[in-house]
Amino acid sequence: MTFRPLHDRILVRRIDADEKTAGGIIIPDTAKEKPQEGEVLAVGPGGRDDKGALQPLDVKKGDRILFGKWSGTEIKLDGEELLILKESDVMGVIEEKAPVKRAA
């Protein structure tokens with residue numbers, strides 16, 4: 001099944017957090033919080049401004065994003081738990097840094 005978000009909505013798959021702390025303590029499932037990081041699977045065409053012009057979204061398919069703890073609506077699609085967010089619920093895009101080359 002395919003899903004196409006409408007307007008300024010985004011379909012997101014949560015990215016699981018580490019199961020260990022930095023000190024090596026394993027966190028049980030009952031103590032874990034829902035991840036606030038996800039991968040964008042699909043985006044809508046964008047919202048409309050006051051004049052009716054289409055405003056494209058700042059995020060795109062494949063972006064890694066951060067969102068609020070209680071943001072969005074959880075859905076199940078093909079047995080997978082996904083999240084539908086509005087673009088305004090997204091706090092930012094995580095960008096990978098290019099490796100810094102040092103002079104010899």
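**Strand pairing, cores and a buried aspartate**

Q: In which sense do strand β6 and β7 pair, and over how many bridges?
A: This is a predicted model, in which local features need pLDDT of at least 70, side-chain atom pairs count only at pLDDT 80 or more, and totals for chains, interfaces and linings use all residues. Residues are numbered from 1 along each chain as its sequence is written, and side-chain values use heavy atoms, with hydrogens and water left out. Strands are DSSP runs of E with at least two residues, numbered from the N terminus, and two of them pair if DSSP finds at least two bridges between them. For β6 (residues 73–77) and β7 the sense is antiparallel, and the count is five bridges.

Q: Which residue in β7 does I10 stand opposite?
A: Strands β1 and β7 run antiparallel and are joined by four bridges. Within β7, the residue opposite I10 is L85.

Q: Which elements give two or more residues to the largest nonpolar core?
A: A nonpolar core is a set of buried Ala, Val, Leu, Ile, Met, Phe, Trp, Tyr and Cys residues joined through side-chain atoms within 4.5 Å, where buried means under 20% relative accessible area (1.4 Å probe, protein chains only). The largest such core has ten residues, including I10, F67 and L85. The elements asked for are β1 (9–14), β5 (64–67) and β7 (80–86).

Q: Is D63 buried or exposed?
A: D63 lies in the loop between β4 (54–55) and β5, and its side chain reaches the backbone nitrogen of K60 at 2.9 Å. With a relative accessible area of 10%, D63 is buried.

Terms used: Buried < 20%, exposed > 50% of the residue type's maximum accessible area, 1.4 Å probe, protein only. Polar contact = N/O pair within 3.5 Å; in protein donor to acceptor, adjacent residues only side chain to side chain.
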